[in-house]
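User: Can you walk me through this one? I'd like to go strand by strand and then look at the packing.

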Amino acid sequence: MRRAVWTALLLSVTRCEAAFVPPPPPATPVASVALDPGLTMLVPGDSVRLQATLRDATGQLVTDRLPAFSSSNTGVATVSSVGVVRAVALGIAQVVAAASGHADTSEIQVASYPLTDVSAGGNHTCAATAPGGAVCWGYNRYGQTGIGTTGDAVMLPAPVVRLVNAVPVSGGNHTCAMEGGTVRCWGWNLSGQLGTGFPGNSAEPAVALSDSVLTAVTTGGQHTCALTDSGVAFCWGLNADGQVGDSSFVNQLRSVLVRGGLHFAVLSAGARHTCAITTDSLAYCWGANEFGQLGDGTTTRSGVPVAVSGGHRFFTISAGRFHSCAIEPGGTALCWGYNGRHQLGSTTPDSAASAPVAVAGGHPFITIAAGGLHSCALATAGTVYCWGYNAFGQVGDSSTDDRAAPTAVGTALRFVTLHTFGDHTCGMTTGSHAYCWGLGLTGELGTGRFASSPYPVRVPGQP
């Protein structure tokens, strides 16, 4: 009897021990919550996962818990318990991650901008939208994004106000566009580059020049040029080096005729010089020439067009910061000017060339873009090649090493247009999507982050 009782007591204790489950340790107190990205753009149906970083009072990561996610407008964007955001409809929603009384917010913009062309500027970018209008993003101190206000960088594509049926062309810190026969410009206007007749900046498009015969506009560092259907060129803005081409070396607040009586088919404004191709395919340049960027065999500036030496025939030309590039009818590319970062893409070891030198590699190109200290060109098969300065990834081969010769941009994408100005490059693909790469520290890549990219990234908001 006594033994049976002890046995029963032991069984009872064993069952109690088996049923006992110790309570979980208390969750680590959270002292801060951070969401990345803090701003993103999606098109309806797209999704993105937000990364929530929790830290305790000592700054250490908290990994044993998740924040609570919520959306301010589930009709625009929903969010799951692990931070996956799904775009539902056009609009703006705030997604909040909260823990222990601390929270952070990510703004979700659901928009749809079918882009038809894209133009890289000094530290901003603009693009034309379908069926009309334009969007811009990036540095906006002077109103160069055209959204109607100045100040903080515009991190995602935003509509340009009061502009329809126009293709924007981005310059140093200003932008211009052809709207019918009218040139409209916005942004920085210290030297008269907006062509409005007075030096005040404008955060929205302002009329620079209006004439039914105008067909094209090009923007430089602080000057602008336009072309008529008969090939007559007009320029305005900074003219300290003669880049306006009227022989005066005096800034012009309104358009003036480029001297010389030449008729042009192609026009390209660079940082402090301008280049063009005549209707009979000869190249002329004017303006600054300290590195030979006019290509006339000298380093003497010129306030009127001078012929690029060699008698080459070209069908397209691009003026960059201190160099210029052009393509012959057979697809051979030639460059001239500053070569300190190999932006000429040639085999010459010289730091500059005052006459055209052939770009190495023998690739047949159809368009070329001379940037700040790098160059890019589009081959016949749609492959983009870049060379020169690459500290920000502007060569696009996923590295940050300078390239002395044309190097294929590291992507399977095929492009149909290409544009570069400063230290980033953008282009439109065969699938009608805009991609950018290179410098992104002022939001010029349009990704919603202050970050550069050594490979092409798709501009958000495109269906």
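**Strand pairing and packing**

Analyst: Let's start with one pair: Y385 sits opposite A408, a residue of β33. Keep in mind that this is a predicted model.

User: How many bridges pair β32 with β33?

Analyst: The partner strand β33 covers residues 403-408, and Y385 faces A408 there. The two strands pair in the antiparallel sense, and the count is 3 bridges.

User: And on the β31 side, which residue of β32 is the bridge partner of L378?

Analyst: β31 spans residues 374-379 and runs antiparallel to β32, with 5 bridges joining them. In β32, L378 is partnered by V384.

User: Which residue takes a positive phi in the hairpin of β31 and β32?

Analyst: The hairpin leaves 4 residues between the strands. Among the residues of this hairpin, one has phi near 95°, and that's G382.

User: What is the strand order in the open sheet, and which are the edge strands?

Analyst: The sheet has 4 strands with antiparallel pairing, ordered β30-β31-β32-β33. An edge strand here pairs on one side only, so look to the ends of that order: β30 (365-370) and β33.

User: What does the twist average from one strand to the next?

Analyst: We're still in the open sheet ordered β30-β31-β32-β33. From one strand to the next, the twist averages 15°.

User: How many residues of β32 are buried?

Analyst: On one side V384, C386 and G388 are buried, and on the other Y385 and W387 are too, which leaves both faces covered. The strand runs over residues 384-388, and the tally is 5 of 5.

User: Over to the largest nonpolar core: which strand gives the most to it?

Analyst: This core has 21 residues, and L115, V118 and W137 have the most contacts inside it. Several strands supply at least two residues each, including β2 (39-42), β10 (115-120), β12 (134-140) and β13 (151-159). With 4 residues, the top contributor is β13.

User: How many residues does the other core have?

Analyst: It lies apart from the largest one, and its members include L35, V62, V85 and V110. The size of this other core is 19 residues.

User: V84 is in a nonpolar patch on the surface. Is V84 buried, partly exposed or exposed?

Analyst: V84 lies in β7, residues 84-87, and shares the patch with L66 and V82, about 230 Å² of accessible area together. Its relative accessible area is 32%. Buried needs under 20% and exposed needs over 50%, so V84 is partly exposed.

Methods: Residues are numbered from 1 along each chain as its sequence is written. This is a predicted model: local features need pLDDT of at least 70, side-chain atom pairs count only at pLDDT 80 or more; totals for chains, interfaces and linings use all residues. Side-chain values use heavy atoms; hydrogens and water are left out. Patches are made of residues with over 30% relative accessible area and no salt bridge: like charges are joined within 9 Å, nonpolar side chains (Val, Leu, Ile, Met, Phe, Trp, Tyr) within 5 Å. Accessible areas come from the Shrake-Rupley method with a 1.4 Å probe; for residues, only the protein chains shown count as cover. A salt bridge is a side-chain nitrogen of Lys or Arg within 4 Å of a carboxyl oxygen of Asp or Glu. Buried means under 20% relative accessible area, exposed over 50%, partly exposed in between (1.4 Å probe, protein chains only). Axes are lines fitted to C-alpha atoms, for helices over the stretch in contact, and angles run from 0 to 180 degrees between N-to-C directions. A nonpolar core is a set of buried Ala, Val, Leu, Ile, Met, Phe, Trp, Tyr and Cys residues joined through side-chain atoms within 4.5 Å.
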